[in-house]
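Please explain how this chain is organised, beginning with its overall composition and then moving through selected helices, loops and surface features.

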Amino acid sequence: MLLSKILKWLQCQDFCPKSYILSNILIHPIFPKEKKFRDVCYKGFIILFTTVLYSLVLFFGISAILFTIDRLLEVRIKEQMYLYSFILVVFVFAVTYFLANIPQYFEEFTKENFTKLLKILILYIVMPLLSVYTAILYIYFVKIILTRTFPQGIVSHLVLWYSLIVAAVLFFITPIHEDNKWAKIFLMITPKAILPILVMMFISIGIRIQQYGVTENRYYVVIAGIWVFLIMLYFAFTKSLLNIILPVSLSIFILISNFGPLSSFSISKFSQNKRLENILIRNELLKDGKIVPKSYVNHKDKENISSILSYFERYHSLDDVKYLPKGFQISDMKKVFGFEYTPKVFQPVMYFNFQRKADERSLNISGYDYLFDMRYMYENTEAKGIYAKYDYNSSVLKIFNGNEEIYSKDLDEFVKKLVIKYKDSGQELIMLGTEDLTFTDVTPKVKVKIIFNSITVQRDFIEKENK
């Protein structure tokens, strides 16, 4: 969706003048001396490639930060923010960097240029992005401590990839950290700062393993996490750093994870077999080392047994499953277990969509002094010192007169009444008149009328609110 929007936006722009200007910038310096045409074109394309590389790293870094803020801190990030970030990177950073580095026709391009390009990428693009990302993870870390909630499952992946990138950056800046103050500060602080974040990752993946056992993917998250944790300890507390430690230790971990009794395949098969055994014992399906058919089994356990067998069928072999008779197939579940294969069914999220009728879009504003159009109010809208502010996370609308808050209302209360009224309608799209989508309130300081154009809400909204 975002990519299609970016492409559509690009198609709407007139790039011919820009292309003409850039081509003239490239050609003009070398036109007087045609013999250097090939060299300067080569240099120009190197700069172009570098600009694209830097821009991609910067854009994906900003996108990762926005995504993490949205998913972990639950701060609503609009999709347009990604588009704005793309525009900012392309037309501010990329154009500025490219034009500033266009080579002169007499300029030489040496190995030092490549070293300089790598330094710029790591020191002034990647490392600042990683620093911001670290701060966001720490804010989330503080949040789960204060709210006493377990880390989300997605944390393990967000932290792991971030940690691996940090390890790579530390590898590259180690030779230059004595000559660069920023690199020295980053090398001194980041390895220590990342250790508590890795602990949070281990807690997150540990919860998943406790619930669903070890699979290859979870194994690799754990083994990579252990490697990064040890590397960070090495960088944090060793004075004489040897870069060879990283590739050698990584090679050892790769060998361990792919061969022998501690490999991902061996550990995953053992874990899933143990999980199956516990489920069978809990439901009295196992007797004298053999499976005893039983028709009545907890539905969730039916799903879990089916999921384990499906896992072995897809990634290993059903012959690797303990207690199964020789030649067992998924189609034999009724005969062996006493119930049919029961896949997990993920119900799609269902919504109510309340829409105001098209023929009732005119507004009667008599008796009111100001009209605020909330559809476009991403920031505060002000009129003579009076402004309205809506919090997307709490669904609370506030109105201020200067610095004084003169009105506050949780709009979920109005939505809840709508859901209760129409929950049995059997429709997803419900067209209502202006009166049904209008909320009015009067306080000693202000008289308010809110007219909704549309409201979209999950069908289980009431249940979630009660919980």
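**From the whole chain to single residues**

One serine offers a point of entry: Ser271 lies in helix α10. The model that contains this residue is a predicted one. Ser271 counts as buried because its relative accessible area is 14%, under the 20% limit for that class. Apart from residues up to four places away in sequence, Ser271 touches Gly213 and Val214.

The wider setting is as follows. The chain comprises 467 residues, and buried residues make up 38% of them. Its secondary structure consists of 14 helices and eleven strands. Of the contacts between residues at least 6 apart in sequence, 67% join residues at least 24 apart. The chain exposes about 29000 Å², of which carbon and sulfur atoms supply 61%.

Helix α10 also takes part in the packing around α11. Helix α11 covers residues 299-315, a run of 17 residues. From its first C-alpha to its last, α11 reaches 24 Å, close to the 24 Å expected at 1.5 Å a residue. At the start of this helix, a side-chain oxygen of Asn298 comes to within 2.8 Å of the backbone nitrogen of Lys300. The buried residues of α11 include Ile305, Ile308, Leu309 and Phe312, and also the charged-type side chains Asp301, Lys302 and Glu303. The partners against which the buried residues of α11 pack are α8 (216-237), α10 and α12 (333-337).

A loop residue comes next. Thr174 is placed in the loop between α6 (155-173) and α7 (181-212). Is this loop residue, Thr174, buried or exposed? Thr174 is buried, because its relative accessible area is 9%, again under the 20% limit. The side chain of Thr174 reaches the backbone oxygen of Leu170 at 2.5 Å. Once neighbours within four places in sequence are set aside, Thr174 is in contact with Phe235, Leu241 and Asn243.

The last stop is on the surface. Leu262 is found in the loop between α9 (245-258) and α10 (264-282). Leu262 is classed as exposed because its relative accessible area is 52%, over the 50% limit for that class. Leu262 is also one of the residues that make a nonpolar surface patch of about 600 Å². The other contributors to this patch are Leu242, Ile244, Ile245, Val248, Ile252 and Ile256.

Definitions and conventions:
Residues are numbered from 1 along each chain as its sequence is written. This is a predicted model: local features need pLDDT of at least 70, side-chain atom pairs count only at pLDDT 80 or more; totals for chains, interfaces and linings use all residues. Side-chain values use heavy atoms; hydrogens and water are left out. Patches are made of residues with over 30% relative accessible area and no salt bridge: like charges are joined within 9 Å, nonpolar side chains (Val, Leu, Ile, Met, Phe, Trp, Tyr) within 5 Å. Accessible areas come from the Shrake-Rupley method with a 1.4 Å probe; for residues, only the protein chains shown count as cover. A salt bridge is a side-chain nitrogen of Lys or Arg within 4 Å of a carboxyl oxygen of Asp or Glu. Helices (H or I, at least four residues) and strands (E, at least two) are DSSP runs, numbered from the N terminus. Buried means under 20% relative accessible area, exposed over 50%, partly exposed in between (1.4 Å probe, protein chains only). Contact means heavy atoms within 4.5 Å. A polar contact is a pair of N or O atoms within 3.5 Å; within protein, one must be able to donate a hydrogen and the other to accept it, and residues adjacent in sequence count only if both atoms are side-chain atoms. The expected span of a helix is 1.5 Å times one less than its number of residues.
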